[in-house]
Every structure is written in C-alpha cells, then in structure tokens.
Amino acid sequence: MTVTQAASFVRTADRDPQDRRWSILVLLCLSLLLITVDATVLHIAVPALTAALEPSAVQLLWIIDIYSLVVAPLLIMFGTLGDKYGRKRLVLWGMVLFGLASAAAACAPTPLTLILARALLGVGGAMIMPATLSLIRQVFTDRRERAIALGVWSAVAAAGAAVGPLVGGVLVGIWWGAVFLINVPILLVLLPAAMRLLPDSRGRRHRPWDAPSAVLSVAGILALAFGLKEAGSGSLMPFWASVMVFLAGLGLLVAFVRRQTRLPAPFLEIGLFRRREFTTGVAGVLLGVFALVGLQLMLAQYLQLVLGDSPVRAALRMLPLVLSAVIGGLAAAHILPRLGMRATMSGGLALVALALTPTLTWGVEGHPVMLAVCFVGIGFGVQVALLAASDTIMAAATESQAGGAAAIEETAYELGAGLGVAVLGTITTIVYAPGLPSVPGVPEGGMDKARQSLAAAAHVADEVGGSAGGALLDAARWAFVNALHTTVVVSVVLLGLTAAVVAMLLSRD
C-alpha cells in the first residue's frame, strides 16, 4: 500500500461506514493477506533458516507449523471476544502484537526464540482474522455486494497461502529475517488507517464468555498436534508417551464438544455439524488447505535441495500455482452456478489428486514443463474446491448462525494449514530418516544430523566437502524423493476419497 492510498483512506474516514465500505474491504483484505502469507512464507526459506539457526527436524517443523496451530484454536476464542468487547479494538491490538512479534522473529538468535516469536505472531493473527469477516458482514448490508465482498475475502485467504512461498523466495535472497521484518513497515501504514477507517462495533458485554471452553479448545488442538509430531520424531518423549498426549488432546476436544451442547451461548455452534452439507463443506476446506500448504512445503524443498534451484528461482517456478489459484477463484464463481456445489467441489479435489500423480514417477532430475502443469492443476483445483466448500458452508447456515459458521470455516482454514505441515511433514521425516544409509567418509554424528532433514543433510554435506559430501547429498536427495513419493500417495488417496464422499453426500444444487 502506498502513502497516497493510505491518505485516501484517511480522507474517507469521516464518512459513514456504508460510504467507505470498499476502502474498508481493501484494508481488511490487506490485513488478512499478511496473516495468510505468514502461514507459508517460510517454505522457501527452510534451507537458509537451517543454515543460520541449525534447528533439529522437530524444531524446524515447529518453526513452520506453530503459527497455524496457534491461530486455529484461538480464532473462535477471539471471535467471541470481539463480539463481546468490540471488533475494532481487537483488530488494532492484534496489529500491534503482530508487528512486535514480526520484529522479534526477524531478530531471533535461536530456534526456540523463533518458535516463541512465531507463536506470538499466531496470537496476533488470531485477533485480526475473525474480525475481518465480521466487519465485512457489518458494513456490507446489501446482499449482492456482500456476496462480492465475501468472494474477495475468500480469494485473498486462499491466495495468501499460495503467494507465501513467492514472497519468501524474493526476501530470503536478502536475508532470512526479511520474511518477517517486511510486516513491520506494512503494519505501520495499516494501523493508522485502521484506526480512522474501521467502524466501532457494539460489544455484547451481556453475553457470557466461557473461559473453560477456551482452555479446552486451545489445549486440545495443541496436544493433538504435539502428540502427532512426537509420534513421528520421538525427540522429546518415547512413542507411547506421544500417543498418550495425542489421546489426551482428543479427550479434551470431546469434552469441549460436550460442553458446547450444554451452554446457552456456546463458543461453537455444534448443531451446525448435524447438517450433512455443512460438515461436508468444512471437510472440503480442511482437506483443500491441508493439501495446498503441506505439499507446498515439500515441493519447495524439492525444488531447492533436490533440483538445486536458488530461493528466487524456486519461488518463480511456483508462480504458476499462485496464478492458477487466482484464476481458479475467478472461474469458480462462474463454474459453481452451472455445475452445482457437488460437481464443483468434488471435481476440484479430484483435479488436485490428478495433478499430483505424475510426481510419483520423478527422481532427482528436472521436469520443468510437467512441474508447471502440476502446479497449475493444484492451484486451480484447490481454489475451485475451496470456493464451492465455502458456499456450501454458508448456504447450510441460517442468518442467525452465519457468524458461527464463518468462525468454523476460518478455523478449518488455519487447522488445515497446521495439520498439512504436521501430518505430511511427519510422514516425510518417518520415511526419510531410515532411507538415508551411512556414507563412507561421513562421521556417525554427521549422519545422525543428516537424517533429521534434507536441509540438515545439505548443511552437513557442505561441512564435510569433497567426494564424501557429494555422496551424502546425492543419497539424501534420493531418500527425500522416496519420502516425497510416500507423502504424495497419502495426499492423493485422501483427496480422492474426499472427492468421492463429497460426490455421494452433497446434492446437485
């Protein structure tokens, strides 16, 4: 955003919110873009980050994943706090926290410090994100205009995840910390504009706010993710203990659901899940983002560490994914009325599965044309499926339930991003480590470090040097490619099954 645009925003601030609704939409979408880009901006930065901070495989997954896993459980909590105390206030404080956490992440000296800074980024993002959708509903009172505004919001939410690696690829060439520091000057422009532009929403202070529900949801999702990661890596606790943590997370979420059914003003509209269309739409959002974000991380590493692309070249080679996602969002608005929700959603998911299939035959050689074709299929298919899923979710909810439905959809977006990295990253780690044999000339301690991740292996190979270093890097590349094939098989099966279930459960309308 330029200074001129910001000044234009300020000049419109003295008018009625309805008169400045399009300026408000631009402001909210720019805020949303910052949040969604941060979920994937590190994917291209993994090699540079590994060389700078030398994180373990588990620390690296937490650095990448903690952001989305913190955002997801906090969305509902901050959504209800915004309803109670005012959405504008929450957005402003969220921007301040997001800016401070971005500066802290850019200057992080250790992996643990970066993990904590990314967690704070997640808290700031969770404060902003629910209010963006609620404020759009507040200022766009005309249903036709509101539909356009919500379509723009949905496209920005999905495109942000797709454009993250491109932004990261450009900035990491300067310095890995720049992927975070870039947020600070942008927020310095957005914050005063938000103070002047955003309307005050009347808080519903009489509405009860249930703290135990907040604790149960946050602790349940984090325990679920932590147990899943540890089950794959076993770096902090034995396998049986990680399974117990995972089961404890499930138990907390079951308790959360049961509590919502008894509360007169629940955090989450559990009753919405009794509607088949609503549940199917949420599953479509969850799995669509799961596939997009998780596979982006794996493919970004494939481009840089297997094919040897620089961060900028890798980002440019992923550009077809970004462009096809934008085109898919525009095309979906025309496809949906003609084909219906069932064919659009199931067809989009099936297209992603089909686009991934050619990668199963690839090794360490380059396939530039087919890679671009695969990226086009993934981006277009995911965005078409997401728009159809979003339309299904909102159509299944009544006017009074629209806020709760939107909160669930947002949570599905962020939880899908977090689980995509956690599950697919864990599968890759499980297959990669035993697939890397010992290499003559490389000490056992170096091999142990190399088995943590491909980025770590590249770092060890550079330190060892010579023919032994080259042999280690070649072996690590093949081990990663084999692990990537396993990850793709899991993704294709999940996407195919979900497409089939959607085709069976949804009506044609």
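In this predicted model, arginine 477 and aspartate 474 both belong to helix H19, which covers residues 466-505, and the two positions are 3 residues apart, a spacing of about one turn of the helix. Their side chains meet in a salt bridge, with a distance of 3.9 Å from N to O. Aspartate 474 counts as partly exposed, because its relative accessibility is 43% and the class of partly exposed residues lies between the limits of 20% and 50%.

A search of the whole structure finds 4 salt bridges, and those sharing partners join Glu444, Asp448 and Arg451 into one network. Within this network, the side chains of glutamate 444 and arginine 451 meet at 3.7 Å, N to O, while aspartate 448 forms a salt bridge with arginine 451 in which the closest N and O atoms are 3.8 Å apart. In general terms, side chains of opposite charge can pair when their charged atoms come close. The members of the network can also be described by their accessibility: arginine 451 counts as buried because its relative accessibility is 19%, and buried residues are those under 20%. Glutamate 444, by contrast, is partly exposed, with a relative accessible area of 48%, and aspartate 448 is likewise partly exposed, with a value of 45%.

Helix H19 also takes part in helix packing, since helix H12 (residues 276-306) and H19 pack at an angle of about 160°, with their axes 10 Å apart. H12 and H19 are therefore roughly antiparallel to each other, as angles over 145 degrees are placed in that class. The crossing of H12 and H19 is left-handed.

A second packed pair is formed by helix H5 (residues 87-106) and helix H9 (residues 183-197), which pack at an angle of about 165°, with their axes 10 Å apart. That angle makes H5 roughly antiparallel to H9, and H5 passes H9 in a left-handed crossing.

On the surface, Trp240, Met244, Leu247 and Leu250 form a nonpolar patch, and together these residues have about 450 Å² of accessible area. One of the residues in this patch, tryptophan 240, is found in helix H11, which comprises residues 239-262. Tryptophan 240 is classed as exposed because its relative accessible area is 61%, and the exposed class begins over 50%.

Two further positions concern the backbone and the fold of the chain. Glutamate 54 is found in the loop between helix H3 (46-53) and helix H4 (57-85), and its phi is near 50°, a positive value in a residue other than glycine. The same residue, glutamate 54, is partly exposed, with a relative accessible area of 41%. Valine 26, which lies in helix H2 (residues 21-38), is also partly exposed, at a relative accessible area of 42%. Valine 26 and alanine 149 are separated by 123 residues in sequence, whereas their C-alpha atoms are 9.7 Å apart in space.

How values were computed:
Residues numbered from 1 in each chain as written. Predicted model: local features only at pLDDT ≥ 70, side-chain atom pairs only at ≥ 80, totals over all residues. Heavy atoms only, no water. Patch = residues over 30% accessible without salt bridge, like charges linked within 9 Å, V, L, I, M, F, W, Y side chains within 5 Å. Areas by Shrake-Rupley, 256 points an atom, 1.4 Å probe, with all protein chains shown as cover. Helix = DSSP H or I, 4+ residues; strand = E, 2+ residues; numbered from the N terminus. Buried < 20%, exposed > 50% of the residue type's maximum accessible area, 1.4 Å probe, protein only. Axes fitted to C-alpha atoms, helices over the stretch in contact; angles between N-to-C directions. Parallel < 35°, antiparallel > 145°, perpendicular 65-115°, else oblique. Left-handed = near helix turned anticlockwise from the far one by under 90°.
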